[in-house]
Amino acid sequence: MSSRAPRTQDLPDGTLLLDGPESVTAVGGVAGLLDSLRGVLRRPGPAVVVATSGSTGRPKRTVLSTEALMASATATARRTGGPGQWLLCLPAYYVAGLQVLVRSVVAGTEPVLAAPGHFTAAGFAEAAEHLTGLVRYVSLVPTQLQRLVSGADDPEVLRALRSFTAILLGGSAVSPALLERARELGARVITTYGMSETAGGCVYDGVALPGVRVHIGDEPPAGPDTPTSGATLTGRIWLGGPVVTDGYLDDPEQTARHVFAQEPAAAAESAAATRWYRTDDLGELTEQEGQPRLRVTGRADDVFVTGGVKVSGGVLRLTLLEDPLVEDAAVVGLEDPVWGQRIAAVVVPGSPPPDPASFTDGLAQRVRDELGSPAVPKDWRLVEALPLLPTGKPDPARIRALFTVHGAG
């Protein structure tokens with residue numbers, strides 16, 4: 001059953017609206033936001049509205065209740081090593097930064113704020129020096145982790161990187177090579193998957209947090225659907241449990257499309273999963289070591305039609321990221337009078353290749369071998385860093401502009 005959209009007139013007094021840096025400034029900066037959260041999290045019901053257009057450009061105002069925020073923070077502490085002190089390196093008006101503050105409130109600790117502006121390895125190390133707790137955490141996006149790994153020849157950066165009980169890494173897919181290098185340096189990195197609608201990350205290293213369920217399918221589940229040993233479920237990802245949003249503010253259409261309340265009879269088998277969020281992501285769910293494990297493969301709407309053949313942008317990006325010489329990558333579709341869409345790829349090499357043409361030829365062959373010739377990008381750009389949204393996700397508009405500026409290659 002679809003949920004009813006929350007309405008502005010029904011929001012309790014004090015509900016926080018986060019819709020950009022000005023909204024944080026208006027409440028007295030991060031310190032003021034932290035004080036406001038300490039107050040609003042004492043009462044039940046809607047607590048925060050996180051407003052963002054995201055990578056699709058579609059405005060969304062996601063309503064998160066005290067119950068959802070607290071469930072997420074508590075589950076994170078259970079999974080990572082208990083309550084601790086947090087370092088804030090992400091914007092507080094996005095859910096990943098907001099949850100650093102919520103977790104601090106729940107833990108009763110004072111977060112440390114990284115210096116505003118451009119993220120640097122030296123600045124991270126300096127901020128980490130101000131942490132006093134023995135159990136310490138930070139949330140990062142892959143680009144930030146890459147800068148830390150690249151700067152780890154500085155002993156202070158390496159010491160800071162190793163000092164965290166857990167580094168939560170989310171925002172976008174991460175190169176396995178980068179993840180391996182970080183862990184080899186002694187960084188305890190946990191990959192996370194989630195979104196504003198699930199109060200942030202709710203699947204850690206492929207395994208759902210306590211109280212959270214993962215479902216694969218076209219419709220919300222009628223009951224438990226853990227795959228049997230050796231089986232793999234593929235399709236649209238659903239996330240269920242107390243972390244799920246109440247809905248989109250004053251938007252019944254989007255709420256009805258994405259947020260579902262499970263019928264009591266079906267929910268009885270798993271009371272923690274009475275509310276479900278229908279994501280726009282695709283994934284694979286397998287049973288490993290007695291528990292379901294999720295692998296996100298891309299977005300349901302991230303499909304290119306090139307020469308009449310459908311190519312998954314998410315799968316193509318993952319294929320590029322799996323190359324040990326690739327630090328980061330993104331793919332976009334460009335309008336083309338012959339192909340309909342021409343696939344273009346932007347790649348961040350792990351180190352400058354001596355011969356860029358041979359490097360991209362090797363990547364093209366990898367894609368051809370794994371996904372077939374239609375998936376091979378027709379245009380390539382090698383860059384030092386991807387254009388990103390403030391959330392840390394690749395910015396499709398700015399990536400397309402790279403090809404508009406430089407022309408087809």
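Modeller: A salt bridge is a side-chain nitrogen of Lys or Arg within 4 Å of a carboxyl oxygen of Asp or Glu. The model in front of us is predicted, and we can begin with its charged pairs.

Biologist: How far apart are the closest N and O atoms of aspartate 379 and arginine 342?

Modeller: Aspartate 379 lies in strand β21 (residues 379-382) and arginine 342 in strand β20 (residues 340-349), and the two are 37 residues apart, so that the pair links distant parts of the chain. Side chains of opposite charge can pair when their charged atoms come close. Aspartate 379 and arginine 342 form a salt bridge, and the distance between their closest N and O atoms is 2.5 Å.

Biologist: Are aspartate 379 and arginine 342 buried or exposed?

Modeller: To count as buried, a residue must have under 20% relative accessible area, whereas exposed requires over 50%. By that cut-off, both aspartate 379 and arginine 342 are buried.

Biologist: Why does glutamate 322 count as partly exposed?

Modeller: Glutamate 322 meets arginine 295 in a salt bridge at 3.4 Å, N to O. This pair also links distant parts of the chain, because glutamate 322 sits in the loop between α11 (313-321) and β19 (326-336) while arginine 295 is in strand β16, 27 residues apart. Partly exposed covers the range between under 20% and over 50%, and glutamate 322 is placed there because its relative accessibility is 35%.

Biologist: Which residues are linked with Arg236 in a network of salt bridges?

Modeller: The count of salt bridges in this model comes to 21. Some charged residues are joined in a network, and the residues linked there with Arg236 are Arg257, Asp280, Asp281, Arg299 and Asp301.

Biologist: Turning to the strands, why is β15 described as largely enclosed by the rest of the structure?

Modeller: Strand β15 spans residues 275-288, which makes 14 residues to consider. A residue of this strand counts as buried if its relative accessible area is under 20%. The strand is largely enclosed because the number of its residues that are buried is ten.

Biologist: Which residue of β15 is the bridge partner of leucine 233?

Modeller: Strand β12 (residues 232-240) pairs with β15 in the antiparallel sense over eight bridges, and strand β14 (residues 259-261) also runs antiparallel to β15, joined to it by three bridges. In the contact with β14, valine 259 has tyrosine 277 of β15 as its bridge partner. For leucine 233, the bridge partner in β15 is leucine 285.

Biologist: Which residue in the turn of the hairpin formed by β15 and β16 has a positive phi?

Modeller: β15 and strand β16 (residues 291-299) pair in the antiparallel sense over eight bridges, and one of the bridge partners is valine 296 in β16, which matches glycine 283. The hairpin has two residues between its strands, and the turn residue with a positive phi, about 55 degrees, is glutamate 289.

Biologist: Finally, which residues of helix α8 are buried?

Modeller: At the start of α8, a side-chain oxygen of serine 175 reaches to within 3.2 Å of the backbone nitrogen of alanine 177, and the helix is followed by glycine 186, whose phi is positive, near 100 degrees. The cover over the buried residues of this helix includes α6 (142-150), β7 (166-169), β8 (189-195) and β19. Within α8 (residues 176-184), the buried residues are Ala177, Leu178, Leu179 and Ala182.

Definitions and conventions:
Residues are numbered from 1 along each chain as its sequence is written. This is a predicted model: local features need pLDDT of at least 70, side-chain atom pairs count only at pLDDT 80 or more; totals for chains, interfaces and linings use all residues. Side-chain values use heavy atoms; hydrogens and water are left out. Buried means under 20% relative accessible area, exposed over 50%, partly exposed in between (1.4 Å probe, protein chains only). Helices (H or I, at least four residues) and strands (E, at least two) are DSSP runs, numbered from the N terminus. Two strands pair if DSSP finds at least two bridges between them. Contact means heavy atoms within 4.5 Å. A polar contact is a pair of N or O atoms within 3.5 Å; within protein, one must be able to donate a hydrogen and the other to accept it, and residues adjacent in sequence count only if both atoms are side-chain atoms.
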